[in-house]
Structure formats: structure tokens, C-alpha cells
Amino acid sequence: PRDTFQDLNLRAALDTTHAHGVTHGDLTAKNVLVTGTGPEAAVTVIDFGLALLGGDDHGNDEAGASALARRVVVTPEYASPERLRGAAASPASDVYALAVLAYRLLTGHHPFDGDRRVLMQARLTGEAPAASTRHAAVPAAVDAVLARGLASAPGDRPSRAGDLVAQLAEVAGALAQARWRRQEAPRRFGLALTLALGA
């Protein structure tokens, strides 16, 4: 639902940390805690253990923190292609991980499945399969948004987590409105026909 993407402030947490020059580096489902339901739901992003290892982009020493960041083992199911190649964490890699999380929430699967060696090779050499191939109910418009978030090249992804979430919320809102129209139009037509016959 549209409000799910708007109310859960994961996007705000990531955008705020990125604005302060900090990247998470290993965002996964295990690192996102949701407490409460509905309007009272709150999201907490935890395990910023890799955040201080963000590399030179955040002013860290190139020979120290950046080199260490490249040696850290990330969670392959959520890691962007550049992270798997040894690049330091960046906002773009966090956006990729957020797109993986959204893909998993919508389909019940990670974009790439299989043993870790196969998974890593697939992620390094190809684009993620459309979410609709994993769950037929996923609309093409959602496929398109997730494809941007899961783009192999960092520069092809939305520049902020909030942009990705806003695009998903916009699609969800449009789909909800279309569904309402499909349900409401026959009822209104029937009512108008009844009134016309009565007149």
C-alpha cells in the first residue's frame, strides 16, 4: 500500500545519514527493525558497524579505512555489483540494498537466488530479473522502478533512497486509484441506470 512506503521512515534514515557523509554499507532485512503497526509504526536502522568504513568519499584515510572497507565481507544477497567487486560503500550501494529489500518484500525472493558463488557471479554479470517473474501480481510499473534501483551501474540508480521510495509510493497510489475506478465505475453506472429508468 502507498502509506507503507511513506510512513516507514527507512528512506529518511538513509537520506539523513547520507547527507552527513555516512553510508550503512551492509543494509539487510536483519538490520531494519519495525515496531508497531499502522500510523504508529516506527523503523530503526541498526548495525552501522561498517558505516565508519565508508572510504575516501567521506573523508576517511585512503590507506586505512577505505582499504579496510574493500576487504569487509558484505551480505551478498543485498550487495551491489560494485561492492562485490571490492568498492567502498556509497549512497548508491545503500540504494541498491534498499531496492533488494523492496524486491524481497514484494515477491518473497531476493533478485538473485542460488548458492553464494552463483549468486555473486549472476549479480556481477547481469541485470536482476523483473520482480514480476518471481510474483505474477507485481505490475510492470513496479518492475520499472525496481529495475532502476537495481541497476548495475551506480549512476543509473536513483540518487537518494527517498527518490526510490517516492517512485514506489507514486506507482502504488496510481494502482490503488485505478483499482478504485474499476470497482466504482460499475456501481455508479448501475445507479445511474436505475435513476434513468425510474425517471
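Helix 5 (residues 91–107) is a good place to start, in a model that is predicted. At 1.5 Å a residue, its 17 residues should span 24 Å, and the end C-alpha atoms are indeed 24 Å apart, so the two values agree; the expected span is 1.5 Å times one less than the number of residues. Helices here are DSSP runs of H or I with at least four residues, numbered from the N terminus. Helix 5 is mostly covered, with 13 of its 17 residues buried (under 20% relative accessible area, 1.4 Å probe, protein chains only). Gly-108, with a positive phi near 85°, follows the helix.

Helix 2 (residues 10–19) packs against helix 5 at an angle of about 170°, with the axes 11 Å apart; axes are lines fitted to C-alpha atoms over the stretch in contact, and angles run from 0 to 180 degrees between N-to-C directions. Helix 2 is therefore roughly antiparallel to helix 5 (angles over 145 degrees). Leu-10, Leu-14 and His-18 of helix 2 meet Pro-91, Asp-94, Leu-98 and Leu-101 of helix 5, where contact means heavy atoms within 4.5 Å.

Ser-80 lies in the loop between helix 3 (62–71) and helix 4 (81–84). Ser-80 is buried, at a relative accessible area of 1%. Leaving aside residues up to four places away in sequence, Ser-80 touches Ser-93, Tyr-96, Arg-123 and Arg-157.

Residues are numbered from 1 along each chain as its sequence is written, and side-chain values use heavy atoms, without hydrogens and water. Because the model is predicted, local features need pLDDT of at least 70 and side-chain atom pairs count only at pLDDT 80 or more, while totals for chains, interfaces and linings use all residues.

Technical notes. Helix = DSSP H or I, 4+ residues; strand = E, 2+ residues; numbered from the N terminus. Buried < 20%, exposed > 50% of the residue type's maximum accessible area, 1.4 Å probe, protein only. Parallel < 35°, antiparallel > 145°, perpendicular 65-115°, else oblique.
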